[in-house]
Amino acid sequence: MGVRDNQELVRQMFEKAINERDPSVFESFIAARYVNHDMPAPEPGPEGLKSVMGGFFAAFPDMKIVVEQTIGEGDIVCTRGHFIGTHDGEFMGIPATGKKVHVKYMDMWRIDEGKAVENWVRLDMLGLMQQLGAVPGP
């Protein structure tokens, strides 16, 4: 697969697995040896990512990812964007607030033979916690 194919693969994963809530996409996109280096999962592979995303889906049931940019080089795809959603369930010990959030992110995926094998994620967690009222805002 080429760089453009890898970029499209990541975009489709966000659209189908997250925005359309089709968990079968994780099985086809995430390798069994997949590791997310920044968002600890209870196990590697698709089940680990499903678990992490399940926590977000429970807290923000209307969560949508907006991919604003993708950049690719070799086996690496980087995306920049944001997610929006309503805090209607517990998140990291914070009870539902009903607040709408807008959270910026950047991430990097390493693709091998058409599947993600590694991922690094940077979410604006401080901004999210401020939006939820868990920490003082600016």
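1. A good place to start is Arg21, which sits in the loop between α1 and α2. Keep in mind as you look around that this is a predicted model. The relative accessible area of Arg21 is 28%, so this residue counts as partly exposed, given that the partly exposed class runs from 20% to 50%.

2. What does Arg21 touch, once residues up to four places away in sequence are set aside? The list is Lys16, Phe57, Phe60, Pro61, Asp62 and Met63. Take Phe57 from that list: 36 residues separate Arg21 and Phe57 along the chain, yet their C-alpha atoms are 8.9 Å apart in space. For Met63, there is a polar link to look at: the Arg21 side chain comes to 3.1 Å from the backbone oxygen of Met63.

3. Next, have a look at Asp22, also placed in the loop between α1 and α2, with α2 covering 24-29. Is Asp22 buried, partly exposed or exposed? Its relative accessibility is 28%, and therefore Asp22 is classed as partly exposed. Leaving out neighbours within four places in sequence, the contacts of Asp22 are Lys16 and Ala17. Lys16 turns up in the contacts of Arg21 as well.

4. Now for the inside. The largest nonpolar core has 35 residues, and the members that touch the most others are Met13, Phe14, Phe56, Phe60 and Trp109. Which element gives the most to this core? That is α3, with six residues. Phe60, one of those well-connected members, is also among the residues that Arg21 touches.

5. There is an enclosed space to find too. The count is one cavity of 30 Å³ or more, and the largest cavity holds about 220 Å³. Its lining is made of 19 residues, with Phe14, Met39, Met53, Ile65 and Val121 nearest the centre. Phe14 is worth colouring, as this residue is also listed for the core.

6. Where does that cavity lining come from? At least two residues each are supplied by α1 (3-19), α3 (45-59), β4 (100-112) and β5 (115-123). The biggest share is from α3, which gives four residues. By class, the lining of the largest cavity splits into 16 nonpolar residues, two polar and one charged.

7. The largest pocket is a separate item to check, with about 180 Å³ of space. Lining this pocket are Asp38, Met39, Val52, Gly55, Phe56, Glu90, Phe91, Met92, Val121, Leu123 and Met125. Two or more of these residues come from each of α3 and β5, and α3 gives the most, with three. How do the lining residues of the largest pocket divide by class? Eight are nonpolar, one is polar and two are charged. You will meet Met39 and Val121 in this pocket lining as well as nearest the centre of the cavity.

8. Last, try helix α4, residues 125-132. Which residues of α4 are buried? They are Gly127, Leu128, Met129 and Leu132. Residues three or four places apart on an α-helix point the same way, because each turn takes 3.6 residues. The partner that the buried residues of α4 pack against is β4, a strand that also contributes to the cavity lining. Just after α4 comes Gly133, with a positive phi of about 80°.

Terms used:
Residues numbered from 1 in each chain as written. Predicted model: local features only at pLDDT ≥ 70, side-chain atom pairs only at ≥ 80, totals over all residues. Heavy atoms only, no water. 1 Å grid on protein atoms, 1.4 Å probe; cavity = no way out; pocket = protein on both sides within 12 Å on 5 of 7 lines; lining within 4 Å. Points joined across faces, edges and corners; volume = space filled by probe spheres on them. Nonpolar A, V, L, I, M, F, W, Y, C, P; charged D, E, K, R; others polar. Buried < 20%, exposed > 50% of the residue type's maximum accessible area, 1.4 Å probe, protein only. Contact = heavy atoms within 4.5 Å. Core = buried A, V, L, I, M, F, W, Y, C linked by side-chain atoms within 4.5 Å. Polar contact = N/O pair within 3.5 Å; in protein donor to acceptor, adjacent residues only side chain to side chain.
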